[in-house]
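Welcome to a short guided tour. Open your viewer, have the selection tool ready, and follow along stop by stop.

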Amino acid sequence: MSIYTIEKCKEEDLGLLIDFIKNHWKKNHIFVESEEMLRFQHFNPSTKEFNFLIAKNNLTNEVDGVNGLIPLSQYDSELSKYNDSWGGIWKVRSDVNNNEIGLLGLFLFEEFKKYSSHGGAGLSNIAAKLIAKMRYTMCIINQYYILNNEFTDFKIASIPKKNIQSEKTIIESKFSIKKIQDISSISKKTVAAYYRPYKSLKYLVNRFQNHPIYKYSFLGIYNEVEILQTILVIRAIKINESKVLRIVDVLGSLENLGSLKSCFQNILNEELAEYIDFTNYGISIDVIKSLGFEKLDVNKSIIIPNYFEPFVRKNITIQGCYKAKFDYSIFKADADQDRPSLHNKFNSDT
């Protein structure tokens, strides 16, 4: 008989899960401080279970390991036909010693074999080494940026004066960018998913517009006859008496749009933001550069921060992984990357 029973976390087990995260992961983790956030990301109202595996020790009746699952269908049940998932917290206790604890992490990770694809982002070096042994594709997620050419005093980014953009030339494009006030009013046939894992308008509504804590906004890319082509999900962050914009997700294609740099400059000036950045893996560097973005070199003097809770003013190398039989893309808000970390100290623009 196995020492462990591994199953989805039920309502009656929620206290055990939260205690595990508090005692063996991070005592002030957002899931410890905010049950609302935990439910938003992991609770499945259809099954009345949490998408969180817990390993109960049958000898001690304690939880010795957990694995957080984030199926994309969490935010749109129609996406279940694609059967894609991301990972969240994956942790086994280090203070337990028995014959099975050494393999418990692998047993918990086996759950992802049930999905057609699985990916993760923001991996620690230890997690990256373990996952690489499971024949996952490992990747570095690139960060791109456009600086506000009206700024000279950067308080969030760090820009050597020789790199401050002074070029004011407006590059004309047949495409334009406009704010979308309510994406729930857009027909689901208007913008088709292009990058995989596939998402949907309903996904954007439930994942971003209905977020319980963060406030997201949406930019639409329109063609010359005002037809919506692509939706960019934006989160504004205010810190150090300044502001930046981050593209955290995309619905639709970014291919063959030409330069949109002047459009982004207008938005940066309207928002009084230092820069807009775009974290991505899977889209051609040439495509993103053609839009007007520069690729961040984490080893150079320009600093475009990635950590804001708490704020760390340095460049970060972002590791990702995936297993899929298709060309895979990763955006900033995928997996559990764009979620609050500091309860009641959120940096979103409100």
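Our tour starts with two neighbouring strands, and please keep in mind that the model is predicted. Select strand β9 (residues 217–222) together with β10: the two pair in the antiparallel sense over six bridges. To see one matched position, click on Gly220, which stands opposite Ile231 in β10. Now follow the chain from one strand to the other. β9 and β10 form a hairpin with five residues between them, and in that turn Glu226 has a positive phi of about 65°.

**Stop 2: the other side of the story for β10**

Keep β10 selected and add strand β11 (residues 242–252). These strands pair in the antiparallel sense over ten bridges. Pick out Thr230 and look for its bridge partner in β11, which is Gly252. β10 and β11 also form a hairpin, this time with two residues between the strands.

Is strand β10 mostly enclosed or open? Ten of the twelve residues of β10 (residues 228–239) are buried, so the rest of the structure largely encloses this strand.

**Stop 3: unusual backbone angles**

Most residues other than glycine have a negative phi, and most peptide bonds are trans. With that in mind, here are some exceptions to click on.

- Select Asn240, in the loop between β10 and β11. Its phi is near 55°, a positive value in a residue other than glycine. Asn240 is partly exposed, with a relative accessible area of 39%.
- Next select Leu272, in the loop between α7 (261–271) and β12 (275–281). Leu272 also has a positive phi, near 55°. With a relative accessible area of 62%, Leu272 is exposed.
- Now show the backbone from Arg196 to Pro197, where the peptide bond is cis, with omega near 5°. Pro197 lies in the loop between β8 and α6.
- Finally, go to Glu309 and Pro310: the peptide bond between them is cis, with omega near 0°. You will find Pro310 in the loop between β14 and β15 (311–312).

**Stop 4: the largest pocket**

Switch on a surface view if your viewer has one. How much space lies in the largest pocket? About 1,400 Å³. To find its centre, select Trp25, Ala121, Gly122, Asp336 and Gln337, the closest to that centre of the 50 residues that line the pocket. Several elements give two or more residues to this lining, among them β5 (84–92), β6 (117–121) and α5 (125–132). The largest share of the lining, six residues, comes from β5.

**Stop 5: charged partners**

Side chains of opposite charge can pair when their charged atoms come close. Across the whole structure, a search finds 20 salt bridges. Here are a few to display as sticks.

Stay by the pocket and begin with Asp336, whose side chain meets that of Arg339 in a salt bridge (3.7 Å, N to O). Are these two residues buried or exposed? Arg339 counts as buried at 14% relative accessibility, and Asp336 counts as buried at 11%. Then select Glu7, Lys10, Asp13 and Lys56 as a group: salt bridges that share partners join them into one network.

Next, select Glu111 and Lys114, which form a salt bridge with 3.2 Å from N to O. Glu111 counts as buried, at 14% relative accessibility, whereas Lys114 is exposed, with a relative accessible area of 58%.

Now try Glu78 and Lys188, a salt bridge whose closest N and O atoms are 4.0 Å apart. Glu78 lies in the loop between β4 (63–71) and β5, and Lys188 in the loop between β8 (176–180) and α6 (201–209), so the pair ties together parts that are 110 residues apart in sequence. Glu78 is partly exposed, at 45% relative accessible area, while Lys188 is exposed, at 61%.

**Last stop: a nonpolar patch**

Return to the surface view and colour Ile6, Leu103, Leu106 and Phe107. Together these residues make a nonpolar surface patch of about 340 Å². Which element gives the largest share of the patch? Helix α4 (residues 101–109) does, with three residues. Ile6 is found in strand β1 (residues 4–10), and with a relative accessible area of 33% it is partly exposed.

How values were computed
Residues numbered from 1 in each chain as written. Predicted model: local features only at pLDDT ≥ 70, side-chain atom pairs only at ≥ 80, totals over all residues. Heavy atoms only, no water. Patch = residues over 30% accessible without salt bridge, like charges linked within 9 Å, V, L, I, M, F, W, Y side chains within 5 Å. Areas by Shrake-Rupley, 256 points an atom, 1.4 Å probe, with all protein chains shown as cover. Helix = DSSP H or I, 4+ residues; strand = E, 2+ residues; numbered from the N terminus. Buried < 20%, exposed > 50% of the residue type's maximum accessible area, 1.4 Å probe, protein only. Pairing = 2+ DSSP bridges. 1 Å grid on protein atoms, 1.4 Å probe; cavity = no way out; pocket = protein on both sides within 12 Å on 5 of 7 lines; lining within 4 Å. Points joined across faces, edges and corners; volume = space filled by probe spheres on them.
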